[in-house]
Amino acid sequence: MSNQPESQKTDDPTPPGPPPVDLISQTRHTFERDGVTMSYTAMAGRIILKAEDEKEGEKPKAAIFFVAYTLDAPDGVNEQDHAAARPITFAFNGGPGSSSVWLHMGLLGPRRVVLEQDGRALPPPYRLVNNEFSLLDKSDLVFIDPVTTGFSRAVPGEKDKQFHGFKPDIESVGDFIRLYVSRYQRWGSPRFLIGESYGTTRAAGLAGYLQERHGFYLNGIMLISVVLNFMTLGFHLGNDLPYILFLPTYASTAWYHKRLVPELQASLERLLAEVETFALGKYATALMQGDDLPPANHAEIAKQLSYYTGLSVDYIESTNLRINIYRFIKELLRDQRRTVGRLDSRFTGIDRDAAGEYHEYDPSYAIIQGAYAGTLNDYIRRELQFESDLPYEIISERVHPWTFEENQNSYVNVGETLRKAMSMNPHLRVFVANGYYDLATPYLATRYTFNHLQLDESLRGNVDMKHYEAGHMMYIHDPSLAQLKQDLDAFIAANG
């Protein structure tokens, strides 16, 4: 039973009030790149998303908060011609329940959060700097906060929960994109999506929805830390796939924290190649055998798992050769009374005691949460001049329970949606970014997913996959941010 007062339950509609209206602030700015000063216009605000109603015509449903950046036309160039030629990229994060703050203030936007070089937060108060790695020099940018994240909310008289699900989320974000493109005359521009984490699920779903519902074909999709097939991540009874696909990331984590024997510590690249071969070969075969696995083979697999993960043979035997991610997070550095991060396993945390099975919090989220929340709230009001007394929901638990409709009795898999979209639109290109220390969406699970899309051979070259020595949000690591900027620039240039 809920502890919330009746008036505060999130599934209740907001009491009716005055008709909702768009509320948008527009400001002008400049930034410098390679000695050249460029001007851009920023818009921050909420657009009312409406649905067609047989009786009432267009019916307001939600106020979607967004921040858009458009590069101004050079002197002597017609603004409409300039806009039509410029690529436009729609960006969002995941969760479900996350605002777009991470891609906005960490990777793509013209301003970014200042962190240590490896991604650790500095002491508060936090500050922003001009983002020399922004994608704005290559593409106009629109950051979207799905309903109940950021400042986005259902309008008075409507229920939030109608947007809290796999299908309605894709539809509402897709309809916002169509509305923005129509209102600001961008149908003629090269079009891209970029999503992170569950945002990659949304992006793949949008590729199908935008094509089939609105005839809106994309030039490219950029996927940061990918989950398209949830079977690859679900540590559930009877599903052995995640144990196989997480193993190389366990190994890279152990390598980073120097828990492996000297010969394995010599090279991360060689280590991962060796572990991948074992994971997809002997280990996968052993798990598929189940109780038919001979005792001698069982002992051999346990010894090899210990060798690659830094965990004891006894511990691995006690897991029946199946190392759950949350147990690994707690176990790897237990002798040091430390846990490792899920989003980025380079970082460590301190629990109250070292005896438990699961960690108390994710240290890799804790180190960045305050910096991003503080700077975003200040930036929106001070520099973008958008005022609201609503809390900006960085990551909202109010979207749960999240429903998956037709996927209730199976794992969500939008890989097939992406395959069909690429088959219908053979010009659609996909860029994929993976972090070696990402225990939320491990890189081998992503590779497995793309290797099982059953893409026609003529389309397999449309996928470009890169790897970075950081975690889920690889851009908080300065060297990875610099490399990711180069890779995204090249992708936009090749496909825009």
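A pocket is an open set of grid points with protein on both sides within 12 Å along at least five of seven lines, and its lining residues have an atom within 4 Å of a point. The views below come from a predicted model.

**View 1. The largest pocket and its lining.** The lining of the largest pocket is made up of 36 residues. Nearest the centre of this pocket lie G95, P96, S197, Y326 and R342. The space inside the largest pocket comes to about 1,000 Å³. Strand β9 (191-197) and helix α11 (325-331) each give the lining at least two residues. By residue type, the lining of the largest pocket holds 20 nonpolar, 12 polar and four charged residues.

**View 2. The second largest pocket.** This pocket has a volume of about 550 Å³. Its lining counts 19 residues, and L49, K50, A51, E52 and D175 are the closest to its centre. Two or more lining residues come from each of β2 (36-53), β3 (57-71), α3 (166-183) and α4 (198-214). Helix α3 provides the largest share of the lining, with seven residues. Nine residues of the lining of the second largest pocket are charged, seven are nonpolar and three are polar.

**View 3. Helix α8, residues 268-289.** The helix has 22 residues, and at 1.5 Å a residue it should span 32 Å. The C-alpha atoms at the ends of α8 are 30 Å apart, which agrees with the expected span. At A279, α8 bends by about 40°. Residue A279 is also one of the buried residues of α8. The others are L268, L271, L272, V275, E276, F278, Y283, A284, A286 and L287. Among the elements that cover the buried residues of α8 are α5 (241-245), α6 (247-256), α7 (262-265), α9 (295-309) and α14 (443-451).

**View 4. Residue F216 and its contacts.** F216 sits in the loop between α4 and β10 (220-226). Is F216 buried or exposed? F216 has a relative accessible area of 1%, and buried means under 20%, so F216 is buried. Leaving aside residues up to four places away in sequence, F216 touches I177, V181, W187, R191, L210 and Q211. Between F216 and K466 there are 27 Å in space, C-alpha to C-alpha, and the two are 250 residues apart in sequence.

How values were computed. Residues are numbered from 1 along each chain as its sequence is written. This is a predicted model: local features need pLDDT of at least 70, side-chain atom pairs count only at pLDDT 80 or more; totals for chains, interfaces and linings use all residues. Side-chain values use heavy atoms; hydrogens and water are left out. On a 1 Å grid over the protein atoms alone, a cavity is a set of points where a 1.4 Å probe fits but cannot get out, and a pocket is an open set with protein on both sides within 12 Å along at least five of seven lines; lining residues have an atom within 4 Å of a point. Grid points are joined across faces, edges and corners, and a volume is the space filled by probe spheres set on the points. Helices (H or I, at least four residues) and strands (E, at least two) are DSSP runs, numbered from the N terminus. Ala, Val, Leu, Ile, Met, Phe, Trp, Tyr, Cys and Pro count as nonpolar, Asp, Glu, Lys and Arg as charged, and the others, Gly among them, as polar. The expected span of a helix is 1.5 Å times one less than its number of residues. The bend at a residue is the angle between axes fitted to the seven residues ending there and the seven starting there. Buried means under 20% relative accessible area, exposed over 50%, partly exposed in between (1.4 Å probe, protein chains only). Contact means heavy atoms within 4.5 Å.
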